Amino acid sequence: MISFYPGPSKLYARVPNFLKDACASGILSMNHRSAEFEDLFKRTVDLLRQKLNIPSGYSLYFVSSATECWEIIAQSLIKKQSVHVYNGAFGKKWFDYTSRLKPEAVASPFDQETEALSVTKTFENAEVICFTQNETSNGTQVSNRILHTVRKSNPKSLIAVDATSSMGGIELDFLTADVWLASVQKCFGLPAGLGILICSPAALHRANELNERNHYNSLLFLEEMAQRNQTSYTPNVLDIYLLMRVLEEIKPIDKINKSLVARYRKWETMFDSKGNQLQLLIKNKAVRSHTVLTLEAEPDVIQLVKSKAKQAGFILGEGYGDLKNTTFRIANFPALKRNEIARLMDFLYEFI
Ligand SMILES: *Cc1c(COP(=O)(O)O)cnc(C)c1O
């Protein structure tokens, strides 16, 4: 079976070997305050910086999930008000979780088909403006250019970006925002259970001003521990190890981005050129995600394609939330190989 699920997703092919190496190396039984762990932490952070082009002034933290990052932002970077600009289920969930901790959070939903640029307005009083860079539920993305414009029109606000299903696949311009978050079971092609949080100097400055220290994962504690190449609790050492090994092998992000977009164009051409009963859900080409494709059809067609795909050895991503019966999703993640995509294209061609 080849999984095209957009998370948890297909693992990088060499992960089974890395798993064996992890066991053999002894690192999994070592204390997370040991020098060996500190070396692993440091090397993985350095590789992330290097391969993803993360600015040297930004700090990196390992946590358990992207969802945990949402809470860390709410507790450690927002005193009263954040604004959540979203167009899908993950952005809304982020808003919902934040409102429980900070009831003055404001939702600013937008419609990607008509309003892509309206998100670039000025948000008065927003301490943090939250964007979902790649909305995994419907296959849309917010471009580096739009984030850049938002930053310019809101110099007093921190910008926080959920890049869970694009980091590791798409070249992100980290300077356009202050907080970036992701987890590794999407574009990093790894087992779930590890989140990556990235903060700008301005974000840390804000954390110091608020001085929130009520949680084991308060940002200031994460920062103090990270300075020693440690974490504030026993982390997922296995996933950090696997991440290190994957990062050692992958190309720099500009190269990955280039081949991913080229693959995406092939998918797009295929669906747009025919597109009778099966079509891309998003019509506005400018906002289509390069890493997650969402296909729309009548419910019986969706049912048929999914069950035939399973018989043919493909796992497709279920439609998410409200879109469950009328869509399915296809991951265009870096761990998928060219011939695997070619096989799925052949299979889907007759249904378009
Ligand atoms: C998958 C996903 C999440 C949740 O990730 P967890 O690691 O399960 O917390 C959050 N945001 C987006 C955009 C996602 O795709």
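User: In this predicted model, is N125 buried or exposed?
Analyst: N125 lies in the loop between β4 (106-109) and β5 (128-132). Its relative accessible area is 63%. The cut-off for exposed is over 50%, so N125 counts as exposed.

User: What is the sign of phi at N125?
Analyst: N125 is not a glycine. Its phi is about 65 degrees. The sign is positive.

User: Is N53 buried, partly exposed or exposed?
Analyst: N53 sits in the loop between α2 and β2. N53 also has a positive phi of about 65 degrees, although it is not a glycine. Its relative accessible area is 49%. Buried means under 20% and exposed means over 50%, so N53 is partly exposed.

User: Why does S56 count as exposed?
Analyst: S56 is found in the loop between α2 (35-52) and β2 (59-63). Exposed means over 50% relative accessible area. S56 counts as exposed because its relative accessibility is 70%.

User: How far apart in space are S56 and V15?
Analyst: In sequence, S56 and V15 are 41 residues apart. From C-alpha to C-alpha, the distance in space is 28 Å.

User: Which helix gives the most to the largest nonpolar core?
Analyst: The largest nonpolar core has 84 residues. Among those with the most contacts inside it are L48, W180 and L243. One helix, residues 237-249, gives eight residues to this core, the most of any. That helix is α8.

User: How many residues are in the second, separate core?
Analyst: This core includes I2, F4, L336 and F347. Its count of residues is 31.

User: Which residues does L48 touch, leaving out those up to four places away in sequence?
Analyst: L48 is one of the residues with the most contacts inside the largest core. Its partners are N53, I54, L60, F62, F188, I196, L243 and L247.

User: How much of the ligand does the protein bury?
Analyst: Polar side-chain atoms come to oxygen atoms of the ligand: T67 at 2.5 Å, T136 at 2.4 Å and K186 at 2.7 Å. Taken alone, the ligand exposes 380 Å². The protein buries 86% of that.

User: Which helix gives the largest share of the shell around the ligand?
Analyst: The ligand is surrounded by 14 residues. By class, three are nonpolar, nine polar and two charged. The largest share is three residues, from residues 66-77, helix α3.

User: Which peptide bond is cis, with omega near -10 degrees?
Analyst: P8 lies in the loop between β1 (2-3) and α1 (15-25). The cis bond runs from G7 to P8.

Key
Residues numbered from 1 in each chain as written. Predicted model: local features only at pLDDT ≥ 70, side-chain atom pairs only at ≥ 80, totals over all residues. Heavy atoms only, no water. Core = buried A, V, L, I, M, F, W, Y, C linked by side-chain atoms within 4.5 Å. Buried < 20%, exposed > 50% of the residue type's maximum accessible area, 1.4 Å probe, protein only. Helix = DSSP H or I, 4+ residues; strand = E, 2+ residues; numbered from the N terminus. Contact = heavy atoms within 4.5 Å. Near = heavy atom within 4 Å. Polar contact = N/O pair within 3.5 Å; in protein donor to acceptor, adjacent residues only side chain to side chain. Areas by Shrake-Rupley, 256 points an atom, 1.4 Å probe, with all protein chains shown as cover. Nonpolar A, V, L, I, M, F, W, Y, C, P; charged D, E, K, R; others polar.
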